[in-house]
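Here is a short guided tour to read with the structure open beside you. Take the sections in order, and turn the view as you go.

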Amino acid sequence: MRFAWIDLREVPRPQLQAVVDAAVHARMAGVLSADAELLGTLPPTITRVLAADGPLTAVTTLAGKKPDDKATKDAASTKDGAGAKSAKEAKPGIDVLLRKFTAQDELDALAAANRATGGGTGVGTPVAGFIGVRDDRTLRLSCSGAMALPYTVIHFADPTKIPLEIVLAAAESAEGKLVTVVDGLEEAAIVFDVLERGSDGILFTPRSADDVFALARLLEATTPQLELSTLTVESIRHVGLGDRVCVDTCSHFEEDEGILVGSYSSGFVLCCSETHPLPYMPTRPFRVNAGALHSYTLGPDNRTNYLSEVGSGSALLAVGADGRTRRVVVGRAKLESRPLLEIRTHAEDGRLVSLTVQDDWHVRVLGPGGKVLNVTELQAGDELLGYLAADKRHVGLPIGEFCKEV
């Protein structure tokens, strides 16, 4: 699961306590500070990360445990005996010690420190590494760190996400966690999506408590598993010329995926994507011939939009026949006048669910099991897949008010 650490080191002093309180209240995964006393006041439910000055050049036995293998002893005897001060670095209420590394010998010392303390398995405090990536050498070193350390915190100097992609690929099998420094919520959202996997965590410096709560909302932004219903066709009828919307997304739909569309906010039909072959035109696996422009479609956060409102940059839910969902971005919406067909169905509870679509054989909806059905061949008694909403809507938002749609 993705997580965030809050960096307190550059938070404005007047905002510091409010940010700390917000981090605890919003259940952020961790807090980073150079102030050990401040970290000691935080509850153990949050990972307390101490930023230590200077590179580690020898083993650091944070729990006061002596090195017990030859490699660890050799590391402890090098670099001016820096390991001798390890016991002094142990701080109560510290869960992770963060040290900067800029060269391979410094990374080796961090790895040795974790071997000496059991890698944070209960006999000592785990040691994480921080590195700034600005060129090929530091990129390769960051990949090595991600493979060797329990946490590797990386600040990428350039805005391109290619270096992050390289680290993610290199550390695919690593047990440690990659934490990427971000400069805002927008970048955080991007970082979490890189290579579809994204960074395990982010390090974020808020300016106020509001930033912390906004980050918490971002971390919680997941799409739900929907419980789809079986709808039974009552009738289909030709209703004449009208405007319909094709929704072209920036994603490739699976064969059993589409989007939910309906004339009423209380019920939707699962409209099929153009992933399946057609006899007179190529497949367009990014497209759903969705329905008339008045129709509702379901998006993230349980919010609906009229198809007339959907356009480039809008976010919708791609929905599978098993109810799984994912967020997709609209590349464009294409509005054209076409003959229309009204499909009236009812759910098991008797609820009316209606859909108006282009009156053409190549427009399709999905039935139970992901069965592909051409709308012009539907008959009374046929079964479709749909979704029944529990709430009425006002400007797309669920609301508990009386509303009757006919």
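## The barrel

In this predicted model, strand 7 (residues 177-182) and strand 8 (residues 201-204) run parallel and are paired through 4 bridges. To find the spot on screen, look for V179, whose bridge partner in strand 8 is G201.

Helix 5 (residues 104-116) packs on the sheet, where it touches strand 4 (96-100) and strand 5 (127-133). The direction of helix 5 makes about 160 degrees with that of strand 5.

What do the strands build when you follow their order? With parallel pairing, 8 strands in the order 1-2-3-4-5-6-7-8 make a closed barrel. On average, neighbouring strands of this sheet are turned by 25 degrees against each other, direction ignored.

## Two helices side by side

Now turn to helix 6 (residues 136-148) and helix 7 (residues 162-170), which pack at an angle of about 35 degrees with their axes 9 Å apart. Their crossing is right-handed. Helix 6 brings L139, S142, C143, A146 and M147 to the contact, while helix 7 brings P163, I166, V167 and A170.

What kinds of residue make up this contact between helix 6 and helix 7? The set divides into 8 nonpolar residues and 1 polar residue, with no charged ones.

## An aromatic link

The model holds 4 aromatic pairs. One of them joins W5 and Y151: the ring centres are 5.0 Å apart and the planes make 55 degrees, a tilted arrangement.

Why is this pair worth a look? W5 sits in strand 1 (residues 3-7) and Y151 in strand 6 (residues 151-156), so the pair ties together parts that are 146 residues apart in sequence.

## Strand 9 and its partners

Further along the chain, follow strand 9 (residues 229-249), which pairs with strand 16 (residues 325-346) in the antiparallel sense over 16 bridges. Two positions help you line them up: H238 stands opposite L341, and T232 stands opposite H346.

T232 is also a good place to pick up another partner, since it stands opposite E383 in strand 20 as well. Strand 20 (residues 383-388) runs antiparallel to strand 9, and 4 bridges join the two. Strand 9 also pairs with strand 12 (residues 284-292), again in the antiparallel sense, over 5 bridges. There, R244 of strand 9 stands opposite A292. As a general guide to such pairings, side chains in a regular strand alternate between the two faces of the sheet.

## Hairpins on either end of strand 16

Strand 16 also takes part in two hairpins. With strand 15 (residues 315-320) it runs antiparallel, joined by 5 bridges, and A318 stands opposite R326. There are 4 residues between these two strands, and G323 in the turn has a positive phi of about 90 degrees.

The other hairpin links strand 16 to strand 17 (residues 352-358), antiparallel and with 7 bridges. I343 stands opposite L355 here. In this case 5 residues lie between the strands, and G350 in the turn has a positive phi of about 90 degrees.

## How far to trust the picture

Across the chain the mean pLDDT is 85, and 84% of the residues reach 70 or more. Residues 55-90 are a stretch to treat with care: the pLDDT there is below 50, although the stretch has 64 contacts in the model beyond near neighbours in sequence. Where pLDDT is low, the predicted coordinates should not be read in detail.

Technical notes: Residues numbered from 1 in each chain as written. Predicted model: local features only at pLDDT ≥ 70, side-chain atom pairs only at ≥ 80, totals over all residues. Heavy atoms only, no water. Pairing = 2+ DSSP bridges. pLDDT = per-residue confidence, 0-100. Contact = heavy atoms within 4.5 Å. Axes fitted to C-alpha atoms, helices over the stretch in contact; angles between N-to-C directions. Left-handed = near helix turned anticlockwise from the far one by under 90°. Nonpolar A, V, L, I, M, F, W, Y, C, P; charged D, E, K, R; others polar. Phe/Tyr/Trp six-rings, centres within 6.5 Å; stacked < 30°, edge-to-face > 60°.
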